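Here are a couple of exercises to work through with the model open in your viewer. Try each one before reading its solution.

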Amino acid sequence: MQGTARNFFTLAIIYSLCGMALGLYMAISQDHGQMPTHAHTMVAGWLMSAVFAFFYHLFPAIGQKKLATVHFWLTAISGIGLLLGLYFLLAGNPAIEPLVAVSSMAFYAGMLLFAFIALPALWKRELPIRS
């Protein structure tokens, strides 16, 4: 695994460690107020980043394009902003809500960009051949 695929999978591992640590903290403290942050970290962070990594691993030529790099950075920055913002919002800091809103919209834009990148590759007749 290399390039964009490696970057996304590294990000996925970091998200999983953070999400699991938050889950353990909630279990130990018996305070489950951060459950939405935990769920977003595990699904939007770990799962989606791993799926993106898998796609770029299957289509390495696409992962080398500049648009894939833009996709990685847009998703990484907005995802981190979303999760940190959500954590602080649920901890009782309503002033952070604009960061959550902007990050959410940027994260959605990252998914739209992925659709723009991935769908044409998926609908081509020839399949990628891995050696």
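**Exercise 1: the second largest pocket**

Leu 11, Ile 14, Tyr 15, Cys 18, Gly 19, Leu 22, Thr 37, Thr 41, Ile 80, Leu 83, Leu 84 and Tyr 87 line the second largest pocket. (A pocket is an open set of points on a 1 Å grid over the protein atoms alone, where a 1.4 Å probe fits, with protein on both sides within 12 Å along at least five of seven lines; lining residues have an atom within 4 Å of a point.) The model is predicted, so to speak on trust: local features need pLDDT of at least 70, side-chain atom pairs need 80 or more, and totals for chains, interfaces and linings use all residues. Numbering runs from 1 along each chain as its sequence is written, and side-chain values use heavy atoms, leaving out hydrogens and water.Task: sort this lining by element and class.

1. Helix 1 (3-29), helix 2 (35-58) and helix 4 each give two or more residues to the lining.
2. Helix 1 has the largest share, six residues.
3. By class, nine lining residues are nonpolar, three polar and none charged.
4. The pocket holds about 230 Å³ of space.

**Exercise 2: a helix pair**

Task: how do the axes of helix 4 and helix 5 cross?

1. The axes of helix 4 (residues 66-90) and helix 5 (residues 97-122) come within 8 Å and cross at roughly 150°.
2. Helix 4 and helix 5 are therefore roughly antiparallel (the term covers angles over 145 degrees).
3. Their contact residues divide into 16 nonpolar, nine polar and one charged.

Definitions and conventions
Axes are lines fitted to C-alpha atoms, for helices over the stretch in contact, and angles run from 0 to 180 degrees between N-to-C directions. Helices (H or I, at least four residues) and strands (E, at least two) are DSSP runs, numbered from the N terminus. Angles under 35 degrees count as roughly parallel, over 145 as roughly antiparallel, 65 to 115 as roughly perpendicular and the rest as oblique. Ala, Val, Leu, Ile, Met, Phe, Trp, Tyr, Cys and Pro count as nonpolar, Asp, Glu, Lys and Arg as charged, and the others, Gly among them, as polar. Grid points are joined across faces, edges and corners, and a volume is the space filled by probe spheres set on the points.
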